[in-house]
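Trainee: I am new to this structure and should like to learn how to read its features. May we go through them one at a time?

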Amino acid sequence: MQGALRVVKYLKNVSELSIMLSSKASRQLAIISLSFSSSSLSLKCLRSSPLLPPIFRYQKRSLVGTSSGRVSTLASPKCAASDPDQLKSARKDIKELLKTTFCHPILVRLGWHDAGTYNKNIEDWPQRGGANGSLRFEVELKHGANAGLVNALKLLQPIKDKYAGVTYADLFQLASATAIEEAGGPKIPMKYGRVDVSGPEECPEEGRLPDAGPPSPSSHLRDVFYRMGLNDKEIVALSGAHTLGRSRPDRSGWGKLETRYTKDGPGSPGGQSWTVQWLKFDNSYFKDIKERRDEDLLVLPTDAVLFEDSSFKEYAEKYAVNQDVFFKDYAEAHAKLSNLGAKFDPPEGLSIDDNPTTQGQPEKFVAAKYSTGKRELSDAMKQKIRAEYEGLGGSADKPLPTNYFLNIMIVIGVLALLTSLLGN
């Protein structure tokens, strides 16, 4: 009898506890619902909220294929624009795409043209343009400078459909950087998390991208790239990417229908290339532009000016004889271009590399590394110091404003200390 009473008492306690938990969960859910209705929190952030009891948590998962043919699940991003795991998988698929279609040049161009609409004089996003995925919309694809890029979008769309947790803005830049690296170019220090624009009404107006044959090539290049916040060195380094690809007269109005270097492909035959091996990323562009001995190689007005303008020529000459210097400067310029105008979520961006060395991950500070003899600061630490300096209002051509009042107080303090010491 006593055992039965204990069981009844136990069941009663369990019932009361269940009611308490249910009531508490309901109150928490009500609080979250109120917060959700009065804020801009996304559902993906709500699902990961620690206030929700486990029974209410839900993480959307999508089925994706793998290279082995198996099906696995990858979580959609939680409070981030793109999911890192899906970005890594998308990169593998892009590498396979490059092996079979030889589309390196057009993928580089796609990333560039999405980012190259940036205007540093406009603060608001997405009006300022830049790497925001707007190039997926027909209204922007129809811009004259984007002729043919619809083919790049068609190549990447199956990958986008497969990895719903990757934004178009990230996919375009991922494809561009991967194409450079797979063609033998430098490792690009990329970061991800770019937010997509939502509709075609947010596309930039036509006319922000460079023209191949302007009346004054040097002025035109500076007008366009300075507007993006880039300098002469970066203009020349980025021009070096013309070592990849061909110009087709039916798209750009420039180049021959075919040459002995392009008539047999690989890929779709035809067009005129800047270099002999136009699927290999190296410094041959600068060598060939300087020599101009082969009529089958393309030289646009904006190419020739790199060895005619004194400021451009300084870098072009250097890159023609030193591929390592070119690779270093190109990698930095490409990474900078890929971030222009982008809105990142999380704000600092995210890395998908196992050992990131620059962007997205701060370099670990080791005192001995920077205090021994004449050892030079690493590029990563230089960028970190430059970013902090610019954050205080300084720049390469604008020193920080001097705090005269503070300087005067310091001088007075030093004089008072000296007077005291001398008096004693």
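Trainee: Which residues line the largest cavity?

Mentor: Let us begin with the general idea. Rolling a probe the size of a water molecule over the atoms shows where empty space is left. In this predicted model, the lining of the largest cavity consists of Arg 91, Leu 174, Ala 177, Thr 178, Glu 181, Lys 187, Ile 188, Met 190, Tyr 192, Ile 352 and Asp 353. Helix H7 (residues 168-182) supplies the largest share of that lining, four residues. The volume of the largest cavity is about 60 Å³, and the search of the whole structure finds one cavity of 30 Å³ or more.

Trainee: Which residues are linked in a network of salt bridges?

Mentor: Side chains of opposite charge can pair when their charged atoms come close. Here a network of salt bridges links Arg 91, Glu 181, Lys 187 and Asp 353, and these residues also appear in the lining of the largest cavity. Between Lys 187 and Glu 181, the closest N and O atoms are 3.7 Å apart. Lys 187 is partly exposed, because its relative accessible area is 47%.

Trainee: How many salt bridges are there by this rule?

Mentor: The count comes to 16 salt bridges. Among them is the pair of Arg 208 and Glu 205, with closest N and O atoms 3.0 Å apart. Arg 208 has 6% relative accessibility and therefore counts as buried. Another is formed by Lys 290 and Glu 317, at 2.8 Å between the closest N and O atoms. This pair links distant parts of the chain, with Lys 290 in helix H10 (residues 284-291) and Glu 317 in helix H12 (residues 310-321), 27 residues apart. Both count as partly exposed, Lys 290 at 43% relative accessibility and Glu 317 at 25%.

Trainee: What is the volume of the second largest pocket?

Mentor: The second largest pocket has a volume of about 1300 Å³. It is lined by 44 residues, and those closest to its centre are Arg 109, His 113, His 242, Arg 246 and Trp 274. Helix H4 gives the most to this lining, with six residues.

Trainee: Is Leu 110, in helix H4, buried or exposed?

Mentor: Buried means under 20% relative accessible area. Leu 110 has 0% relative accessibility, so this residue counts as buried. Beyond its sequence neighbours up to four places away, Leu 110 touches Leu 135, Leu 149, Ala 152, Leu 156 and Phe 172.

Trainee: Which residues make the nonpolar surface patch of about 740 Å²?

Mentor: The patch is made by Leu 406, Ile 410, Val 411, Val 414, Leu 415, Leu 417, Leu 418 and Leu 421. One of them, Val 411, is in helix H15 (residues 404-423) and counts as partly exposed at 46% relative accessibility.

Technical notes
Residues are numbered from 1 along each chain as its sequence is written. This is a predicted model: local features need pLDDT of at least 70, side-chain atom pairs count only at pLDDT 80 or more; totals for chains, interfaces and linings use all residues. Side-chain values use heavy atoms; hydrogens and water are left out. Patches are made of residues with over 30% relative accessible area and no salt bridge: like charges are joined within 9 Å, nonpolar side chains (Val, Leu, Ile, Met, Phe, Trp, Tyr) within 5 Å. Accessible areas come from the Shrake-Rupley method with a 1.4 Å probe; for residues, only the protein chains shown count as cover. A salt bridge is a side-chain nitrogen of Lys or Arg within 4 Å of a carboxyl oxygen of Asp or Glu. Helices (H or I, at least four residues) and strands (E, at least two) are DSSP runs, numbered from the N terminus. Buried means under 20% relative accessible area, exposed over 50%, partly exposed in between (1.4 Å probe, protein chains only). Contact means heavy atoms within 4.5 Å. On a 1 Å grid over the protein atoms alone, a cavity is a set of points where a 1.4 Å probe fits but cannot get out, and a pocket is an open set with protein on both sides within 12 Å along at least five of seven lines; lining residues have an atom within 4 Å of a point. Grid points are joined across faces, edges and corners, and a volume is the space filled by probe spheres set on the points.
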